[in-house]
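Let's walk through how the pieces of this assembly touch one another. Please keep the structure open while you read.

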Number of protein chains: 2
Amino acid sequence: MPRIGMKKLRRKAIIDAAILTIGERGSLEVTMSEIAGRAGVSPALAHHYFGAKEELLQATMRQLLTDLGHDCVRALAAAVTPRERVSAVIAVNFSAAQFRQEIVHAWLAFYVQAQKSPLSRRLLRVYARRLHSNLMSGLVPLMARAEAERSAEAIAALIDGLYIRRALRDGLPNPASAAALVEDYVTAKLGAAA
Amino acid sequence: MPRIGMKKLRRKAIIDAAILTIGERGSLEVTMSEIAGRAGVSPALAHHYFGAKEELLQATMRQLLTDLGHDCVRALAAAVTPRERVSAVIAVNFSAAQFRQEIVHAWLAFYVQAQKSPLSRRLLRVYARRLHSNLMSGLVPLMARAEAERSAEAIAALIDGLYIRRALRDGLPNPASAAALVEDYVTAKLGAAA
DNA sequence: TATTTTTACTTGACTGGTCAATCAACAAAA
DNA sequence: TTTTGTTGATTGACCAGTCAAGTAAAAATA
């Protein structure tokens with residue numbers, strides 16, 4: 001039943017289905033048919049709206065990225081002290097919305113995709129840079145610039161590492177202790193700086 | 001020119017070719033033909049020796065794992081104090097042999113593979129457990145058990161995270177500074193404990 | 001209001017290409 | 001002559017992408 005304005009709805013439905021399917025399978029080896037089927041449309045429609053599979057994957061990745069971005073600005077808005085800013089960034093990355101299995105799996109899959117797709121790599125770099133600057137905005141007032149830089153690198157690596165371990169259902173299974181681990185690092189680092 | 005004892009040689013050549021090809025491409029989306037071609041044999045031979053592609057991938061992963069294992073025991077043999085043991089484990093993971101692009105890419109690809117292959121997941125878990133126990137052997141004499149446990153988790157996550165960043169050619173490009181980052185964590189942690 | 005036309009949306013059926021896996025046959029050593 | 005090693009040719013499955021045809025809402029026309 002063709003109604004106007006379906007385009008936006010369909011695109012969203014297909015992207016959501018893509019996230020779900022990729023998350024479930026844990027990789028990008030997913031057919032357009034599967035994704036379309038889950039979105040309740042024909043495979044041809046997915047091609048109609050996205051052209052090629054690669055484009056759909058790009059759009060899906062962008063969705064993940066913007067979702068995380070929105071969560072971030074919301075969390076940072078509530079933070080007042082620098083230390084709170086750091087904690088806010090950490091908290092978002094391990095929030096119930098972001099640290100879910102499917103999302104984590106999808107991220108991991110996209111990290112691999114970035115190896116062959118320069119565009120994907122660019123997108124991931126946007127994320128990395130944003131994370132870094134968010135962290136720096138909290139860390140710089142708390143320690144020497146060089147030290148802050150190192151800490152930001154370490155926190156980012158810690159987050160990525162904990163995501164992987166989450167994906168493997170290995171080690172820390174629950175978000176709370178993962179976040180606590182990173183917080184513990186920050187505390188230790190601040191203690192050492194003082 | 002068929003000579004006896006080819007089996008072992010061919011298997012090794014094919015596995016090496018697999019590591020190289022996977023590392024180059026950055027994912028497991030690699031054909032048997034490519035791997036076989038690089039090893040200088042026909043695709044049929046690869047199937048002859050490994051049966052299915054999945055088996056070849058398993059064998060390749062196992063190879064990576066045992067290589068890392070050997071490097072580890074060698075490095076640990078030279079360490080005498082607990083602190084040295086910790087440093088040895090860190091150093092191995094960022095050594096010239098292990099922190100190479102192709103190897104890092106291959107690891108990342110296998111992390112994704114583990115999502116769908118329970119056997120791969122088991123293999124990775126072996127690695128994770130070995131890393132953990134190696135770290136613990138150095139950390140336990142230096143701090144309270146619970147604290148050591150946390151530190152081991154954090155170090156492992158840091159290593160994984162830095163591997164990812166290496167794979168994305170993002171952030172720390174050189175092994176030395178990556179290792180230094182982890183060492184810095186250990187130092188901070190020990191400082192806080194004292 | 002009734003009819004036609006246009007527009008937006010949707011699909012089934014098909015195609016071309018890729019690739020894992022198989023197999024029968026061949027070559028050289030034992 | 002058997003054993004071990006090796007390959008070219010083929011098969012069967014899967015899948016991204018295309019296309020012509022279809023449906024119904026909306027807009028234009030009578």
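The report below starts with the contact between the protein chains and then turns to the DNA strands.

## The model and its protein interface

Please bear in mind that this is a predicted model. In it, chain B brings 41 residues to the contact with chain A, and chain A brings 40 residues in return. The two chains bury about 3,800 Å² between them, and carbon and sulfur atoms account for 59% of that area. On the chain B side, the residues that lose the most area to chain A are B:Gln115, B:Arg165 and B:Leu168, which together make up 17% of what that side buries.

If you would like to find this surface on the chain B helices, look at α6 (101-116), α7 (118-139), α8 (145-167) and α9 (175-193), each of which gives two or more residues to the side that touches chain A. The largest share comes from α8(B), with 13 residues. Sorted by class, this side of chain B holds 21 nonpolar, six polar and 14 charged residues.

## Charged and polar pairs between the chains

Eight salt bridges are found across the interface of chain B and chain A. One of them joins the side chains of B:Glu29 and A:Lys116, with N and O 2.9 Å apart. Counting polar contacts between chain B and chain A gives 15 residue pairs, with both partners at pLDDT 80 or more.

## Around DNA strand D

Both protein chains take part here. There are 20 residues around DNA strand D, and those that come nearest are A:Met32, A:Lys53, B:Arg10, B:Ser42 and B:Ala44. Among the strand D atoms within 4 Å of the protein, 73% are sugar or phosphate atoms, and the rest belong to bases.

Some phosphate contacts are worth finding on screen. A polar side-chain atom of B:Arg10 sits 2.4 Å from a phosphate oxygen of strand D. For A:Met32, a backbone N or O atom lies 3.1 Å from a phosphate oxygen of this strand, and for B:Gly5 a backbone N or O atom lies 3.3 Å from one.

Three helices each supply at least two residues of the surface near strand D: α3 (43-50) of chain A, and α1 (6-25) and α3 (43-50) of chain B. Of the elements, α3(B) gives the most, with four residues. The surface near strand D is made of 11 nonpolar, five polar and four charged residues.

## Around DNA strand C

DNA strand C is surrounded by 21 residues, the closest being A:Gly5, A:Met6, A:Arg10, A:Ser42 and B:Lys53. Sugar or phosphate supplies 72% of the strand C atoms within 4 Å of the protein, with bases supplying the rest.

Here, too, you can look for contacts with phosphate oxygens. A backbone N or O atom of B:Lys53 lies 2.7 Å from a phosphate oxygen of strand C, while a backbone N or O atom of A:Ser42 lies 3.0 Å from one. The side chain of A:Tyr49 takes part as well, with a polar atom 3.2 Å from a phosphate oxygen of strand C.

The helices that each supply at least two residues of the surface near strand C are α1 (6-25) and α3 of chain A, together with α3 of chain B. The largest share, four residues, comes from α3(A). By class, the surface near strand C divides into 12 nonpolar, five polar and four charged residues.

How values were computed
Residues numbered from 1 in each chain as written. Chains lettered and ligands numbered in written order. Predicted model: local features only at pLDDT ≥ 70, side-chain atom pairs only at ≥ 80, totals over all residues. Heavy atoms only, no water. Contact = heavy atoms within 4.5 Å. Buried area = accessible area lost by both parts, 1.4 Å probe. Salt bridge = Lys/Arg side-chain N within 4 Å of Asp/Glu carboxyl O. Polar contact = N/O pair within 3.5 Å; in protein donor to acceptor, adjacent residues only side chain to side chain. Nonpolar A, V, L, I, M, F, W, Y, C, P; charged D, E, K, R; others polar. Near = heavy atom within 4 Å.
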